[in-house]
Amino acid sequence: MKGYFITIEGPEGAGKTTILSIVQQELLKKGYDVISTREPGGIDIAEQIRSVILDKKNTKMDSRTEALLYAASRRQHLAEKVIPALQEGKIVLCDRFVDSSLAYQGHARGLGIDEVLSINEFAINGLMPSLTLFFDIEPEAGLARIAKSNSREVNRLDLENMNFHKKVYEGYLKVAERFKERYQKVDATLPLEAVSKNALEIIESHLNCN
């Protein structure tokens, strides 16, 4: 692959989507060939799967079904959008990737990080990010942000109790330790401008060193 695959991770309310948009615009201004995308989704088939996963009516969804649907969405997104962009030499900024599955389904749902990783290894076929930014915020603070926002979609995962969200955060810390060679932590409790600046500096440093 000639391009750079950079992912943004973090618990609910970390501000990933907002910061991603700002960072992409700044990189474009500096002349970088960069696209942004998201998981689950990013292309039509994956967005259809997203609508099933996050539908608030689907409260009966089995944890393994959930993990498999995420992996299926991920595969289609990679095949149709991410891999072609990387082959063209683009920088791909992705809001969530496999680490989300490891934190949410692997740890918080109790399926096991290794077990969920094995499902996803088939889906991603060896493609991992060269850099992952972890937007670090405690679940209480992140969910408080969501409660104040009228613009953000409320999905099935937002309906989970605080204990679940605490487990997600714990899961992320475990994943960050496991893949520490590609993880960079960003303090997501700082003001928007500071978080954007920090994220941009980390990404530019990574691009300049590779």
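Here is a short conversation about a predicted model, looking at Glu 39, helix H7 and Glu 181.

Student: Is Glu 39 buried or exposed?

Tutor: Let's place Glu 39 before judging it: this residue sits in the loop between strand E2 (34–38) and helix H2 (44–54). Buried means under 20% relative accessible area. Glu 39 has a relative accessibility of 6%, so it counts as buried.

Student: Which side chain makes a polar contact of 2.7 Å with that of Glu 39?

Tutor: Beyond four places away in sequence, Glu 39 touches several residues, including Arg 50, Arg 74, His 77 and Asp 95. The polar contact of 2.7 Å joins the side chain of Glu 39 to that of Arg 74.

Student: What distance should helix H7 (residues 162–178) span?

Tutor: Helix H7 has 17 residues, counted at 1.5 Å a residue. The expected span uses one less than the number of residues. The end C-alpha atoms of H7 agree with the expected value, because they are 24 Å apart and the helix should span 24 Å.

Student: How wide an arc do the buried residues of H7 cover around the axis?

Tutor: The buried residues of H7 include Phe 164, Val 168, Tyr 172 and Val 175. The buried residues lie on the same side of H7, because the arc they cover around the axis is only 160°.

Student: And Glu 181, is that residue buried or exposed?

Tutor: Glu 181 is found in the loop between H7 and E5. The cut-off for exposed is over 50% relative accessible area. With 63%, Glu 181 is therefore exposed.

Methods: Residues numbered from 1 in each chain as written. Predicted model: local features only at pLDDT ≥ 70, side-chain atom pairs only at ≥ 80, totals over all residues. Heavy atoms only, no water. Helix = DSSP H or I, 4+ residues; strand = E, 2+ residues; numbered from the N terminus. Buried < 20%, exposed > 50% of the residue type's maximum accessible area, 1.4 Å probe, protein only. Polar contact = N/O pair within 3.5 Å; in protein donor to acceptor, adjacent residues only side chain to side chain. Contact = heavy atoms within 4.5 Å. Arc of directions from axis to C-beta.
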